[in-house]
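Here's a quick briefing to read alongside the model. Have the viewer open and follow along.

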Amino acid sequence: MIIDEDIVAGGVTPFIITKLIERHERERQRYRLLHDYYMGDHRILNRRKRGKNVANNRIMCNHAKYITDMTQSYLVGNPVTYAVSDEYDIEAIKNEYLEQDMPSVDSEIVKNMSIYGKAYELIYADEKSKPRSVRLDPEHTFVCYSQSAFEKPLFAVYYYKKYDLDGYCTGSICRVYDESFIYTYTGLDSYSALSLQNVEPHYFFDVPIIEYRNNTEMQGDFEQLITQIDAYNVLMSDRINDKEQFVNSLLFLCNCDLDTEQAKKLLVERILMGDGDAKAEYLSKVLNEADTKVLRDDIKDDIHRLSHVPDLSDESFGNNLSGVAIKYKLLGFEQHVKNKERNFAKTLRKRLEIYNNFLVTLNAMKEVPSHRVDIGFTYNLPANELEIAQMINYLKGLASDETLLERLPFITDAKEEVEIARREQAEKSAEDIRIAESSARKVNYNEE
């Protein structure tokens, strides 16, 4: 959210907060629609048709969830890695990440980015004064930036309502985070009449709520495809309706009289008799399955083509394809994920800076420039580990052991693995020397 910095020059007042929340609330309808489509609550499920005997099957095919889940697992299905040159040390930050299972936080953030077009993370200090991260709901969070080319974050707001055991709203809470303090306000259920309740420092020396952007436009991965998803759902639903209507077709009788009892008997015995010029046939719509299939496949192909997320169940992804051939088929998806990765990595550096600020304050580490940290992504694809091992063997001596080990998908901490390997090698060398010395002593003893 962009605001004029002069508006908050005198401080963020309750009136300003209420106005900003009202402005953010206008976007909640969009957030709710995107959330519903991911969860499977599509428009087709609310379709109504007139008439008691009219078929109204409502088939929902959740392409939205497929697009998000595939993108999420491909980008961060394997944990993000962090490496730094020998002159700097980020082990303190990596340990904090490890203690709180940061890959799970990253996965939830990427999912929110894919659904809503943006995601939010709150960095806080727990009861043991350890930095921790938690994902926040975009429907109740926003960051305010200065109205300049640099879009400097001024403050962030996280607000929510309180409910009693019966589900009645008892008020609201709003927390405002700037570079130094956390301001806690309480108010009515409409976020009006806010009053300041508490002010406390946070020692992160930056706004501790981070906004992750899925792309420059801040749109979700399936947001522009909702009409195609709706069209596919309608086509599949009407296809089932046509089948049902065909089964329940009207029987047209020509020169053949039936009363109610005879019609009931006909349903049981399935026999009909008439004169020579009598005629009976069903009134039904002719189903052209070929045309329906072509239209269905066209819509499905458009969904995957425009989302850049391939249909991996397609026959074109056969078992006989080489790794290079599969990469060419995934080229559009790779470019799409690369753009997401660039935005994600940029904000991960911001997270590193905030963690570094806090840990420096605790004297747990020294200051490390975030641009000196290499952030690595290992895309979650079936890997030919033998081929990777051969490549590492060829490159040995040309690149560091730590860099080479990071290419192996089953290695989570390359630096630690290198240290373990060195210790094992040293222990083995010491054991070999001990055995050699013992053998030498035995030889000398026998000669004597």
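**A strand and its surroundings**

β10 is largely enclosed by the rest of the structure, because four of its five residues are buried; the cut-off here is under 20% relative accessible area. Keep in mind that this is a predicted model. The notes below start with the sheet that holds β10, then turn to a patch on the surface.

**The sheet**
- Three strands make up an open sheet, and they come in the order β4-β3-β10 with antiparallel pairing.
- β4 (131–136) and β10 (209–213) are the edge strands, so named because each of them pairs on one side only.
- Going from one strand to the next, the twist averages 25°.

**How β3 meets β10**
- Strand β3 (residues 118–125) and β10 run antiparallel and are joined by five bridges.
- To find the register, look for E121, which sits opposite I210 in β10.
- L122 faces I209 of β10 in the pairing, standing opposite that residue.
- As a rule, side chains in a regular strand alternate between the two faces of the sheet.

**The helix on the sheet**
- Helix α5 (residues 102–116) packs on this sheet and touches β3, β4 and β10.
- The direction of α5 makes about 150° with that of β3.

**A nonpolar patch on the surface**
- M391, Y394, L395 and L398 form a nonpolar surface patch, and together they have about 450 Å² of accessible area.
- L398 is in the loop between α11 (385–395) and α12 (401–405).
- L398 counts as exposed because its relative accessibility is 69%, and the cut-off for that is over 50%.

Methods: Residues numbered from 1 in each chain as written. Predicted model: local features only at pLDDT ≥ 70, side-chain atom pairs only at ≥ 80, totals over all residues. Heavy atoms only, no water. Pairing = 2+ DSSP bridges. Helix = DSSP H or I, 4+ residues; strand = E, 2+ residues; numbered from the N terminus. Axes fitted to C-alpha atoms, helices over the stretch in contact; angles between N-to-C directions. Contact = heavy atoms within 4.5 Å. Patch = residues over 30% accessible without salt bridge, like charges linked within 9 Å, V, L, I, M, F, W, Y side chains within 5 Å. Areas by Shrake-Rupley, 256 points an atom, 1.4 Å probe, with all protein chains shown as cover. Salt bridge = Lys/Arg side-chain N within 4 Å of Asp/Glu carboxyl O. Buried < 20%, exposed > 50% of the residue type's maximum accessible area, 1.4 Å probe, protein only.
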